[in-house]
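Q: Please take a close look at one part of this molecule and its immediate surroundings. Then walk me outward from there, so that I can place that part in the whole chain.

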Amino acid sequence: MGRTNGLDDLLFGSFRTVSVVYISDTHNTQPELPDGDILIHAGDLTDGGTLSELQATLDWLRSQLHRHKIAIAGNPRPASQQNAERAQLEWGDTVYLQDSSTTVVCSNWGQLKIYGSPRTPKMGNWAFQCPRGQDLWENTIPDDIDVLVTHGPPRAHLDLFNIGCDDLLREVWRFRPRLHVLLDTCMAVYERAVMQRGGLVNSALACWRFVLGAFGRPGTLLVNAAIVGGLRDTGLREPIKVYI
């Protein structure tokens, strides 16, 4: 599963699935989005986090035709400003989640419980960050959620510079949501290989677990939905559409 096209819509559309369009890090851009049942924005809606930038992005989200729209905050502005202007924004039909959940009802599938949080380990003086070593997630995420939306990755998954959150990785293993992290029978070995920087034994175990996992139940789907990327945020990626 990942970025999809018209053929995917044809193949999956007849099944009892929910299509989720997943974006993040748009940084004031307004990309063309595929249709879907649910639109999720995983943070960094703007560059500077000013009121005018935020409202422009919310107006763009409101113009989208997705039945359900959900957004969390990112970290583009100093922590001292994170709550000061939020009450002035017009969110329209976009549901804002901050360490909270919402339940959406999809006509062709049923209910999905979605939890969102902008928490990340500290990297500079930005919003919603906590010192590394402090448990960010203990007793915060409900056990019965289907979709987890966070601004930062768990450790060892979509974690290019090894700055992901160890505590988030533990929590994802605990409740295993449908959508957030690719978590199957080989992931524990893979994570150990990442932590220990490879090794022949770890590599061999990862291959063996991958073979065993091919015959087991599917795990959780991990999505990195950043739109703007690259060394100086000059790269643009396509939105991701997944089926769950």
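A: **Around helix α3**

Just beyond the end of α3, Arg176 adopts a positive phi of about 50°. Do keep in mind that this is a predicted model.

Now step back into the helix itself. Helix α3 covers residues 166–175, and its buried residues are Asp167, Leu168, Leu169, Glu171, Val172 and Phe175. You will notice that the acidic residues Asp167 and Glu171 are on that buried list along with Leu168, Leu169, Val172 and Phe175.

At the other end of α3, which begins at residue 166, look at Cys165. This cysteine is buried too, with a relative accessible area of 6%, since anything under 20% counts as buried. What keeps Cys165 from forming a disulfide with Cys130? Their sulfurs are 9.2 Å apart, too far for a bond, and Cys130 holds the closest cysteine sulfur to that of Cys165. A disulfide would need the two sulfur atoms within 2.5 Å. The whole structure, in fact, holds zero disulfides. Cys106 is another buried cysteine, at 5% relative accessibility, and its number places it at the end of strand β5 (100–106).

From here, let's move to the interior. The largest nonpolar core has 22 residues, and those touching the most other members are Val20, Ile38, Ile40, Ile114, Val149, Leu179 and Val223. Strands β1 (19–23), β2 (38–41), β5 (100–106), β6 (110–117), β9 (147–150) and β14 (240–243) each supply at least two residues of this core. A separate core of 13 residues includes Val21, Leu45, Trp60 and Leu61.

Trp60 and Leu61 lead us to another helix, α2. Both are buried there, as are Leu54, Gln55, Thr57 and Leu58. The buried residues of α2 pack against β1, β2, β3 (68–71) and β4 (94–96). In its geometry, α2 (residues 51–62) has 12 residues and reaches 16 Å from first to last C-alpha, close to the 16 Å expected at 1.5 Å a residue.

Finally, here is the wider setting. The protein chain contains five helices and 14 strands. Buried residues account for 48% of its 244 residues. Of the contacts between residues at least 6 apart in sequence, 64% join residues at least 24 apart. On the outside, the chain exposes about 12,700 Å², with carbon and sulfur atoms supplying 55% of that area.

Technical notes: Residues are numbered from 1 along each chain as its sequence is written. This is a predicted model: local features need pLDDT of at least 70, side-chain atom pairs count only at pLDDT 80 or more; totals for chains, interfaces and linings use all residues. Side-chain values use heavy atoms; hydrogens and water are left out. A nonpolar core is a set of buried Ala, Val, Leu, Ile, Met, Phe, Trp, Tyr and Cys residues joined through side-chain atoms within 4.5 Å. Buried means under 20% relative accessible area, exposed over 50%, partly exposed in between (1.4 Å probe, protein chains only). Helices (H or I, at least four residues) and strands (E, at least two) are DSSP runs, numbered from the N terminus. Contact means heavy atoms within 4.5 Å. Accessible areas come from the Shrake-Rupley method with a 1.4 Å probe; for residues, only the protein chains shown count as cover. The expected span of a helix is 1.5 Å times one less than its number of residues.
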